[in-house]
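Me: I should like to go through the packing of this model, one question at a time. Please reason briefly and close each reply on the value or name requested.

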Amino acid sequence: MNVLVIVLFVSFIFSLMVGIPVAYSLGLSSFIYLLLAGIDLFALPQKIYGGMDSFVLLAIPGFVLAGNLMNVGGITQKIVDFGDKLFGHIRGGMGFANIGSSMIFAGISGTAVADTASIGGVMIPAMKKSGYDSDYACAITAASSTIGPIIPPSIPMIIAGTLTGISVGKLFIAGMIPGILIGVFQMVINGYMAKKRNYPKGNIASLGEMFKSFRSAFWALLMTVIILFGILGGIFTPTEAAIIAVLYALCVGIFVYKELKISMIPKLLAESARSSASILVLVGFANVFAWILASEKIPQMIADGMLSLTTNKILVILLINLLLIFVGMFMETISAIVILFPVLLVVSRSIGMPDIQFAVMAVLNLIIGLVTPPVGVCLFVAAKIGDISLIRISKAILPFLFANLIVLFLVAFYEPITLWLPSFIK
């Protein structure tokens, strides 16, 4: 490793330590490298633009805007009400409703933090009022939000696919079974905890009440179905699905639920633009950083370094998982993906791991980091809503983390979980 590469990493780490955002830390360290290496600085804007100039990336602002439109349009409350009617009569029913709502909302938002804020804003106060412990209500909300970026649409998978050329459509479909498994395992944990703590159960909803609730939530459910089967059936691409989702959300919010007002749209457009721009700027600067790493053969050096420790496929996969979980505990998901994903993909390919399996495994690893201290963003959001300390929610979430780790283990070592459904897409 030459001096310029050391300067690249040192300047990047120093920038992070002094509080510069990850995107600008990547850009600044890349600029310093190019300057010292005597490379024409016109390469910087060219590579930034090259990183953002992708048709697939247009899906990000689309899904972000669609999620905001559906959330403001009252969809969250209707999803929660439907989940409560289905599970409310079971002991721990509100916990089941929380997880079920997150699984449905996952097909709309594509991000864990949005799930935590939206579902948590409704469910955490309701669970506390019904007799659930505050830490448990917050923990189950944060834990179930990890389903959001696994069940499609998924913004982290869009980023991963764009960086490496892996089919985003196949990545979306590959996340279906792992996402469902996370929900199922978390429901098992909830059932056990509810019985152990004697949490309440509500009255059985009548068929009329269930039908009424289903009818209210129908349009949210239909949106998820349209996105999934449209991509799976080859009717449209993920990018086209995002645009369809926006048009659908507008029509449902304005004409069906009638909670979305025309006057709200400019503000939602501005919020969605800011969120999307921050992601795209990160991708642009990351493309420069990745180009430098590739030109210096850093990914191959890391791959050779790992394989020098062991060539055993199982041990290499364990090493990758340990690294990603550790990084996920300290770094935001998308930032970690743009920095580490292309590098570790070289390692996974060297041991014969399919790209799609590795991608889902990597995303799941980093998503788990959103609910682990010290930088678990979803933990902070849920704890703030429930007005509890980070220590309390960190202890309460441990059983649900165990459920997530079981699914991670299955994804890492049993290929059909991620490869079976994508095999139907040509």
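Me: Which residues line the largest cavity?
Reply: The model is a predicted one. In it, the lining of the largest cavity includes Leu324, Ile337 and Phe341. The remaining names in that lining are Leu340, Leu344, Phe358, Ala362, Val363 and Leu366.

Me: Which elements give two or more residues to the lining of the largest cavity?
Reply: The lining includes Ile337 and Leu344, as well as Phe358 and Leu366. The elements that contribute two or more residues to it are α17 (333-350) and α18 (355-368).

Me: How many polar and charged residues does the lining of the largest cavity have, and what is the volume of this cavity?
Reply: The lining has nine nonpolar residues, with no polar and no charged ones. One cavity of 30 Å³ or more is counted. The volume of the largest cavity is about 40 Å³.

Me: What is the volume of the largest pocket, and how do its lining residues divide by class?
Reply: The largest pocket has a volume of about 740 Å³. Its lining comprises 31 residues, and those closest to the pocket centre are Thr111, Val113, Ala114, Ser275 and Ile279. By class, the lining divides into 19 nonpolar, ten polar and two charged residues.

Me: Which elements each supply at least two residues of the lining of the largest pocket?
Reply: Among the contributors is α17, an element that also gives two or more residues to the lining of the largest cavity. The full set for the pocket is α2 (22-37), α4 (59-72), α6, α7 (112-129), α9 (155-164), α14 and α17.

Me: Which residues lie nearest the centre of the second largest pocket?
Reply: The second largest pocket has a volume of about 520 Å³. Elements α1, α15 (298-309), α16 (313-330) and α17 each supply at least two residues of its lining. Of the 18 lining residues, those nearest the centre are Phe12, Val327, Met331, Ile339 and Leu340.

Me: How many nonpolar residues are in the lining of the second largest pocket?
Reply: The lining is made up of 18 residues. One of them is polar and one is charged. The nonpolar residues number 16.

Me: Why is the pair of Phe9 and Phe289 edge-to-face?
Reply: The structure holds 13 aromatic pairs. The ring centres of Phe9 and Phe289 are 6.2 Å apart, and their planes meet at 85 degrees. Planes over 60 degrees apart count as edge-to-face. The angle of Phe9 and Phe289 therefore makes this pair edge-to-face.

Me: Which helices does the pair of Phe9 and Phe289 link?
Reply: The two residues are 280 residues apart, so the pair counts as a link between distant parts of the chain. Phe9 is in helix α1 (residues 3-17), and Phe289 is in helix α14 (residues 265-295).

Me: Is Phe9 buried or exposed, or in between?
Reply: Its partner Phe289 is buried, with a relative accessible area of 3%. The relative accessible area of Phe9 is 26%. Buried requires a value under 20% and exposed one over 50%, so Phe9 is partly exposed.

Me: What kind of pair do Phe12 and Phe289 form?
Reply: Phe12 in helix α1 and Phe289 in helix α14 are 277 residues apart. Phe12 is buried at 7% relative accessibility. The ring centres of Phe12 and Phe289 are 5.4 Å apart with their planes at 45 degrees, so the pair is tilted.

Me: Which residues form one aromatic cluster, and which residue lies over the face of Tyr257?
Reply: Phe82, Phe214, Phe218 and Trp219 form one aromatic cluster. At 4.5 Å from the ring centre of Tyr257, the residue over its face is Lys78.

Me: Why do Cys138 and Cys378 form no disulfide, and how many disulfides are counted?
Reply: Both residues are buried, Cys138 at 0% relative accessible area and Cys378 likewise at 0%. The closest cysteine sulfur to that of Cys138 is in Cys378, at 12 Å, which is too far for a bond. A disulfide requires sulfur atoms within 2.5 Å. The number of disulfides counted is zero.

Me: Is Asn98 buried or exposed?
Reply: Asn98 is found in helix α6 (residues 93-109). Its relative accessibility is 0%, so Asn98 counts as buried.

Notes. Residues numbered from 1 in each chain as written. Predicted model: local features only at pLDDT ≥ 70, side-chain atom pairs only at ≥ 80, totals over all residues. Heavy atoms only, no water. 1 Å grid on protein atoms, 1.4 Å probe; cavity = no way out; pocket = protein on both sides within 12 Å on 5 of 7 lines; lining within 4 Å. Points joined across faces, edges and corners; volume = space filled by probe spheres on them. Helix = DSSP H or I, 4+ residues; strand = E, 2+ residues; numbered from the N terminus. Nonpolar A, V, L, I, M, F, W, Y, C, P; charged D, E, K, R; others polar. Buried < 20%, exposed > 50% of the residue type's maximum accessible area, 1.4 Å probe, protein only. Phe/Tyr/Trp six-rings, centres within 6.5 Å; stacked < 30°, edge-to-face > 60°. Lys NZ or Arg CZ within 6 Å of the ring centre and 35° of its normal.
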